[in-house]
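Let's take a walk through a protein model and see what its atoms can tell us. Have the sequence and the 3D view ready before we start.

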Amino acid sequence: MNAEESKRLLRELQGSSNCSHPIRLRGELVNTATGEVSQRSLRVACKDRREVLCPACSFLYRADAWILVSTGLVGGKGIPLDVGTHPRLFVTLTAPSFGVVHSIRDNGDCVPRSRSSKRSCVHGGRTSCLRRHDEDDVDLGTPLCEKCFDYRSAVLWNAHASRLWNNTIQVIRRLLAEAGGIGQPHLGSVAQLNYLKVAEVQRRGLVHLHCVLRLDGPELVDAEPPSWATTELLARVVRASIERAWAPDLNGSPVRWGRIYDIQDLATREETALKVTAYVAKYASKTTDGSKELARRFRSRRQIRTLIDNPHFRRLALTAWDLGGEEKYEIFRLREHAHTFGFTGQLITKSRAFSTTFAALRSARSDYMAGEREGDPVEGTFHFEGRGYDDPRASQLAELFFTMQRELRQEARARDRARTDHEVEEAEETN
Ligand SMILES: [Zn+2]
Ligand SMILES: [Zn+2]
Ligand SMILES: [Zn+2]
């Protein structure tokens with residue numbers, strides 16, 4: 001590569017913020033000061049949230065997710081600071097069991113001993129596991145007997161999870177209104193339930209949901225919820241709603257949450273709120289299992305068979321693919337969601353008033369970047385031309401630059417911290 005080529009490549013990388021696979025746009029630019037028209041090709045960052053696909057864009061996405069959650073918990077970015085005093089819960093919802101899987105229970109055991117009375121299942125498979133698994137054991141989440149595991153129901157449960165969530169929110173609102181002695185249509189005039197939820201696929205291949213629920217007054221700016229709407233009441237209502245809520249499957253039978261769920265009061269421990277924020281941000285940039293193979297839609301059954309090594313995941317994806325071919329399941333678009341084992345919903349969703357939006361954060365960032373640019377203002381219209389860089393080495397280089405910049409940032413932060421500690425020590429000495 002000659003010096004001129006190197007310079008052009010570096011400019012390109014910088015222009016697309018070290019994105020691994022930027023989007024190429026082509027269009028006409030008009031200099032609004034001079035009226036001059038020019039043709040230009042432009043690369044913009046892909047904005048993919050998934051770290052395995054684009055480290056640089058997912059870093060920004062994670063940062064935005066962090067702000068989204070933390071402003072919902074303690075205010076800021078247009079959300080009043082008093083939300084930090086409202087009832088706030090962190091709720092985890094899980095799927096029911098579709099077969100015994102290797103796991104780590106609270107006492108460190110895998111399968112509860114009471115369940116292992118029979119030595120083998122009808123297929124001659126195991127019913128017990130006396131091992132104590134490590135966190136990174138590849139067997140975790142896989143069934144003791146593959147034939148006993150109900151893959152079909154597991155995939156269909158994932159397909160119903162979003163509907164079940166929506167119904168649960170409605171039940172919570174209904175029960176809240178009842179508790180306040182008002183009809184549900186009037187709940188909004190005294191209190192609002194706001195939420196943010198993030199979906200995560202567990203190792204057993206089932207979706208579970210983490211959500212932050214917050215109770216506000218009728219108008220967010222009018223902060224305080226009514227005095228009867230306490231954290232204890234909200235927790236009680238949420239518990240009842242989780243047990244009561246259901247969504248009908250295609251036969252009208254109820255699809256429900258699993259028996260295991262968790263409700264934590266975010267006001268009692270500040271570190272829980274911090275942990276929740278970091279947790280949501282981390283999961284926001286993950287794919288189904290953290291791999292590239294489950295990051296994108298599959299194009300064929302064969303692709304699933306050849307790409308997925310984990311036999312449990314392979315079977316879940318194949319089940320979704322096969323069910324997707326049945327006319328009756330068409331509405332779930334299961335082939336398009338075979339890589340998420342049938343889960344069709346959005347990864348992060350929130351009620352409108354919970355906090356700021358990804359769009360608002362992005363537009364604030366691009367306004368800031370525009371302010372940094374020099375020269376006359378330009379306007380233009382662009383259309384999609386393709387993906388990636390012209391130079392095949394550029395993607396790797398982009399990732400390298402991103403890693404270097406991240407390390408430099410980390411070093412600078414560590415230096416800042418050391419300096420602050422040093423100043424505190426000096427101040428203490430002089431006192
Ligand atoms: Zn990107
Ligand atoms: Zn086990
Ligand atoms: Zn079996």
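Let's begin with one residue on the inside. Leaving aside neighbours within four places in sequence, valine 91 is in contact with Leu209, His210, Cys211, Leu213, Val238, Ile242, Asp262 and Ile263. Keep in mind that what you're looking at is a predicted model.

**The nonpolar cores**

Val91 also turns up in the largest nonpolar core, which has 63 residues. Which members of that core touch the most other members? They are Val91, Trp157, Trp165, Leu176, Leu213 and Val238. Several pieces of the fold chip in: strand 3, helix 3, strand 4 (192-201), strand 5 (207-216), helix 4 (231-244) and helix 7 each supply at least two residues. Helix 3 gives the most, with 15 residues. Apart from this core lies another one, made of 21 residues, among them Tyr61, Val69, Ala284 and Leu347.

**Three zinc ions**

Now for the metal. Here are the three zinc sites side by side, with their donors, distances and spacing along the chain.

| Zinc ion | Donor residues (atoms) | Donor distances | Spacing in sequence |
|---|---|---|---|
| ligand 1 | Cys19 (SG), Cys46 (SG), Cys54 (SG), Cys57 (SG) | 2.2 to 2.3 Å | C-x26-C-x7-C-x2-C |
| ligand 2 | His102 (ND1), Cys110 (SG), Cys129 (SG), His133 (NE2) | 2.0 to 2.3 Å | H-x7-C-x18-C-x3-H |
| ligand 3 | Cys121 (SG), His123 (ND1), Cys145 (SG), Cys148 (SG) | 2.1 to 2.3 Å | C-x1-H-x21-C-x2-C |

What arrangement do the donors make around the zinc ion (ligand 1)? The four donor atoms subtend angles of 101 to 115°, so the arrangement is tetrahedral. The rule behind that word is that four donors count as tetrahedral if all angles lie between 85 and 135 degrees. The zinc ion (ligand 2) has angles of 104 to 114°, which makes its arrangement tetrahedral. For the zinc ion (ligand 3), the angles run from 104 to 116°, and that makes the arrangement tetrahedral. For a yardstick, the ideal angle for four tetrahedral donors is 109.5 degrees.

Let's look at some of the donors themselves, beginning with the zinc ion (ligand 1), whose donors include Cys46, Cys54 and Cys57. Cysteine 46 sits in the loop between strand 2 (37-44) and helix 2 (55-74), while cysteine 57 is in helix 2, and the two are eleven residues apart. Are cysteine 46 and cysteine 57 buried or exposed? Both are buried. Cysteine 46 counts as buried because its relative accessibility is 14%, and the cut-off for buried is under 20%. Cysteine 54 is buried too, with a relative accessible area of 0%.

Next come two donors of the zinc ion (ligand 2), Cys129 and His133. Cysteine 129 counts as buried at 4% relative accessibility, and histidine 133 counts as buried at 6%.

How about the zinc ion (ligand 3)? Two of its donors are His123 and Cys148. Histidine 123 and cysteine 148 both lie in the loop between strand 3 and helix 3, so the pair ties together parts that are 25 residues apart in sequence. Histidine 123 is partly exposed, with a relative accessible area of 39%. Cysteine 148 counts as partly exposed at 39% relative accessibility.

With so many cysteines around, how many disulfides does a search of the whole structure find? It finds zero.

**A buried threonine**

Threonine 94 belongs to the loop between strand 3 (88-93) and helix 3 (151-179). At 10% relative accessibility, threonine 94 counts as buried. A polar atom of its side chain lies 2.5 Å from the backbone oxygen of isoleucine 260. Setting aside residues up to four places away in sequence, threonine 94 touches Trp157, Arg204, His208, Trp257, Gly258 and Ile260.

**Two residues with positive phi**

Finally, look at the backbone of the loop between helix 7 (311-324) and strand 9 (348-350), where you'll find arginine 333. Arginine 333 has a positive phi of about 45° although it is not a glycine. Phenylalanine 341 lies in the loop between helix 7 and strand 9 as well. It has a positive phi of about 55°, and it is not a glycine either. How do they sit relative to the surface? Arginine 333 is partly exposed, with a relative accessible area of 45%, whereas phenylalanine 341 is buried, at 0%.

Definitions and conventions. Residues are numbered from 1 along each chain as its sequence is written. Chains are lettered from A and ligands numbered from 1 in the order in which they are written. This is a predicted model: local features need pLDDT of at least 70, side-chain atom pairs count only at pLDDT 80 or more; totals for chains, interfaces and linings use all residues. Side-chain values use heavy atoms; hydrogens and water are left out. Donors are N, O and S atoms within 2.8 Å of the metal (3.2 Å for Na, K and Ca); water is not among the atoms, so sites may look incomplete. Four donors count as tetrahedral if all angles lie between 85 and 135 degrees; four count as square planar and six as octahedral if opposite donors are over 155 degrees apart and all others between 65 and 115; anything else is irregular. Buried means under 20% relative accessible area, exposed over 50%, partly exposed in between (1.4 Å probe, protein chains only). Helices (H or I, at least four residues) and strands (E, at least two) are DSSP runs, numbered from the N terminus. A polar contact is a pair of N or O atoms within 3.5 Å; within protein, one must be able to donate a hydrogen and the other to accept it, and residues adjacent in sequence count only if both atoms are side-chain atoms. Contact means heavy atoms within 4.5 Å. A nonpolar core is a set of buried Ala, Val, Leu, Ile, Met, Phe, Trp, Tyr and Cys residues joined through side-chain atoms within 4.5 Å. A disulfide is a pair of cysteine sulfur atoms within 2.5 Å.
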